[in-house]
Amino acid sequence: MKIYFDGCSWTYGGGLVERREQDRFTAVVCRELGVKEYNFSLPKSSNDRIVRQLLTENDISEYDYAVIQMTYSSRLEYYDESKKDNRSKGWMRIANQDIKPCKKGREFSDEQWVFWNYYYKNVFDETYFNKKEEIQYKTIRNHCKINNVPLLLMTVNNWDTKLKFDIELEHTHIPRLPCNHPNSLGHRVIADEILSWLTKHK
């Protein structure tokens with residue numbers, strides 16, 4: 001059995017640090033099933049990157065199941081010419097609050113910092129990003145469907161989306177770390193939900 005996993009830091013195991021590759025829910029699921037782990041997630045991933053990975057970087061038809069975790073709709077991906085790589089921008093709109101940019105770090109130049117601050121304060125539009133999320137959602141579902149790969153679709157954006165997901169992860173029943181990512185027990189809770197879904201879809 002081969003299971004395709006992708007998502008943002010929740011699927012990557014953000015915050016677990018030392019035991020990330022042992023404790024994240026993708027590893028727990030695969031260990032329980034006795035199969036190899038195929039985890040394509042990255043921290044700060046956008047839905048753009050998740051869709052790009054699914055459609056152009058990997059062949060989903062090689063997998064028996066797909067477990068994909070969508071992230072915050074306001075995250076973007078851009079191509080960084082200096083690093084010759086696609087990068088997801090980790091800023092997001094938090095519920096109905098103002099834009100909350102991440103702290104300025106080494107990943108952004110001064111020019112990029114000015115640009116993204118301006119973009120989210122003056123260009124960002126909630127309606128557009130909601131529609132974009134719906135396009136990405138349907139793209140993921142349809143791509144898996146035409147390749148006959150059963151899909152479990154999750155989100156961490158359940159407080160801000162109108163779409164129906166199989167599992168909504170931003171709930172209080174999932175134990176968290178101070179950084180708001182799931183702790184080891186939280187990953188176990190998520191893994192159990194995925195294992196239950198897989199049992200029903202054999």
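# From values to labels

Mentor: In this predicted model, strand E1 is covered on both faces, with Ile3 and Phe5 buried on one side and Tyr4 and Asp6 buried on the other.

Trainee: Which strands pair with E1, and over how many bridges?

Mentor: E1 runs parallel to E3, to which 4 bridges join it, and it also runs parallel to E2, to which 2 bridges join it. Pairing requires at least two bridges, so both contacts between strands qualify. At the level of residues, Ile3 has Tyr65 in E3 as its bridge partner, while Tyr4 stands opposite Tyr38 in E2.

Trainee: In what order do the strands of the open sheet stand, and which of them are at the edges?

Mentor: The sheet is open and has 5 strands, arranged as E2-E1-E3-E8-E9 with parallel pairing. E2 (38-39) and E9 stand at the edges, because each has a single partner strand and therefore one side without a neighbour in the sheet. At the E9 end, E8 and E9 pair in the parallel sense over 2 bridges, and Met154 stands opposite Ile167 in E9.

Trainee: Which elements give two or more residues to the largest nonpolar core, and which residues have the most contacts inside it?

Mentor: This core has 24 residues, and those with the most contacts inside it are Trp10, Val29, Met154, Leu169 and Ile194. Two or more residues come from each of strand E1 (3-6), helix H3 (25-33), strand E3 (65-70), strand E8 (151-155) and helix H7 (184-200). H7 gives the most, with 6 residues. Another core, of 17 residues, lies apart from it and includes Tyr4, Val51, Leu54 and Met70. As background, nonpolar side chains in soluble globular proteins tend to be buried together.

Trainee: Why is Phe129 called buried, and why is Tyr128 called partly exposed?

Mentor: The cut-off for buried is under 20% relative accessible area, and Phe129 stands at 1%, so it counts as buried. Tyr128 stands at 47%, which falls between 20% and 50%, so it counts as partly exposed.

Trainee: What makes the pair of Tyr128 and Phe129 edge-to-face?

Mentor: A pair of aromatic rings is described by the distance of the centres and the angle of the planes. For Tyr128 and Phe129 the centres are 5.3 Å apart, which is within the 6.5 Å limit, and the planes are at 85°, which is over 60, so the pair is edge-to-face. By this rule the count comes to 8 aromatic pairs.

Trainee: What values describe the pair of Tyr137 and Phe165, and where in the chain do the two residues lie?

Mentor: Their ring centres are 5.1 Å apart and the angle between their planes is 75°, so by the cut-offs of 6.5 Å and 60 degrees this pair, too, is edge-to-face. The pair links distant parts of the chain, since Tyr137 is in helix H6 and Phe165 is in the loop between E8 and strand E9 (167-168), 28 residues apart. Tyr137 has a relative accessible area of 12% and is therefore buried, and Phe165, at 6%, is buried as well. Elsewhere, ring pairs link Tyr4, Tyr38, Phe40 and Tyr63 into a cluster.

Trainee: Which charged residues lie over the faces of Tyr63 and Tyr12?

Mentor: Lys2 lies over the face of Tyr63 at 4.6 Å from the ring centre, and Arg24 lies over the face of Tyr12 at 5.9 Å from the ring centre. The distance limit is 6 Å, so both values satisfy that part of the rule.

Trainee: What does Phe129 contact beyond its neighbours in sequence?

Mentor: Phe129, in helix H6 (residues 126-146), is in contact with Ser73, Ser74, Arg75, Leu76, Tyr119 and Phe124, leaving aside neighbours within four places in sequence. From Ser74 it is separated by 55 residues in sequence and by 6.0 Å in space, C-alpha to C-alpha. Ser73 lies in the loop between E3 and strand E4 (76-80) and has 8% relative accessibility, under the 20% cut-off, so it counts as buried. With residues up to four places away left out, Ser73 touches Asn47, Phe129, Asn130, Glu133, Asn157 and Asp160.

Trainee: How many disulfides are there, and are Cys144 and Cys179 buried or exposed?

Mentor: The count is 0 disulfides under the rule applied. Cys144, at 1% relative accessible area, is under 20% and therefore buried, whereas Cys179, at 44%, lies between the two cut-offs of 20% and 50% and is therefore partly exposed.

Methods: Residues numbered from 1 in each chain as written. Predicted model: local features only at pLDDT ≥ 70, side-chain atom pairs only at ≥ 80, totals over all residues. Heavy atoms only, no water. Core = buried A, V, L, I, M, F, W, Y, C linked by side-chain atoms within 4.5 Å. Buried < 20%, exposed > 50% of the residue type's maximum accessible area, 1.4 Å probe, protein only. Disulfide = S-S within 2.5 Å. Contact = heavy atoms within 4.5 Å. Phe/Tyr/Trp six-rings, centres within 6.5 Å; stacked < 30°, edge-to-face > 60°. Lys NZ or Arg CZ within 6 Å of the ring centre and 35° of its normal.
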